Amino acid sequence: MPKRDLISIEDLSRADVELLLDTAESFLPVLERDIKKVPTLRGRTIINLFWEASTRTSSSFDLAAKRLSADTLALKASGSAVEKGETLKDTAITLSAYSPDIIVMRHPSAGACQTLSANTEASVINAGDGKHQHPTQCLLDLFSMRQNLGRDLDGLKVFIIGDILHSRVARSDIMGFQMLGMEVTLVAPPTLMPRGIEEMGVKVEYDLANLKDADVIYLLRIQKERIKAGAAYLPSLREYSQLWGISQARLGPKQRVMHPGPINRGVEIASDIADDDENLIAHQVFSGLAVRMAILYRTIVGYSDGAASGEVL
Ligand code: CP
């Protein structure tokens, strides 16, 4: 198959997204078997480069490739030649000598996946690049919504609350949620709301006055690692929690809470929600495995629907 990158949600049409979600659904029975492995990608090589910390994305891509019987190679910046000053271009050229089919990469810099793609014949999948995009998170969020809230997400009202400014998840989710017909409202302190974000077709609010209108409350982590020391984004985490944090007391009976993880317990999300089975957070993690299996599979076999849902295996 020709090279097919997934660097931004904009790389996918609505039909592509729906095919990926259907493909992920067709993998669910595999994940319920005693032997959770199929030979679908036997002989294929998938390299996972995580140049920035990750638990969910790195583990689910690794496991997804193994469930599909691909050969996997995982590298982190720490302990690699990056520590000796090797450039991303030279890492790409080096690893391409193994003729990988796919390179999955997380990187702290926006745009790093384009640099990688320009220097390898492998398809590149963005596992999160700086503040730019996290398209596979968006796809697993859509999958979780479809599994829990119904296949037709058209008209669903989603409030994304938190550190929008530093969030690649917000950028991907806004695009993906709107693609499937959802209405997106962003809520954040003014300092954590990107200027001009209204141009993406979202509503922008600075407090929780209209929270009752939300069907889904999608919380974002306050990204302490991207908030530079000394910058006055927030008076204090305690004040953030009081004004924008979500606890059961602020939640209506039918509202569902999502969070990409990792959570800041007691900051954007109270423990009474984090530990409540009604939230979709654990389901989002579960969805990550099926969705990333679907992404690896479709990247290699193609997005034309020769194999419809249920025919994949
Ligand atoms: N949601 C997400 O990307 O989590 P990790 O940083 O643990 O991969």
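Domain bounds here come from an automatic or database domain assignment.

**View 1. The chain is assigned two domains.** This is a predicted model, in which local features need pLDDT of at least 70, side-chain atom pairs count only at pLDDT 80 or more, and totals for chains, interfaces and linings use all residues. Residues are numbered from 1 along each chain as its sequence is written, and side-chain values use heavy atoms, with hydrogens and water left out. Domain 1 covers 9-134 + 285-306, and domain 2 covers 135-283. Their centres, taken over C-alpha atoms, are 25 Å apart. Domain 1 gives 36 residues to the contact and domain 2 gives 30 residues (contact means heavy atoms within 4.5 Å).

**View 2. Both domains supply residues to the shell around the ligand.** Each domain contributes at least three residues. Ser-54, Thr-55, Arg-56, Thr-57, Arg-106, His-134, Gln-137, Pro-260 and Gly-261 surround the ligand (a heavy atom within 4 Å). By class, one is nonpolar, six are polar and two are charged. In this scheme Ala, Val, Leu, Ile, Met, Phe, Trp, Tyr, Cys and Pro count as nonpolar, Asp, Glu, Lys and Arg as charged, and the others, Gly among them, as polar.

**View 3. Polar contacts reach the ligand from Thr-55, Arg-106 and Gln-137.** Such a contact is a pair of N or O atoms within 3.5 Å. A backbone N or O atom of Thr-55 is 2.9 Å from a ligand oxygen. From Arg-106, a polar side-chain atom lies 2.8 Å from an oxygen of the ligand. The side chain of Gln-137 places an N or O atom 3.0 Å from a ligand nitrogen. The protein buries 91% of the 250 Å² that the ligand exposes when taken alone (Shrake-Rupley method, 1.4 Å probe).

Definitions and conventions:
Polar contact = N/O pair within 3.5 Å; in protein donor to acceptor, adjacent residues only side chain to side chain.
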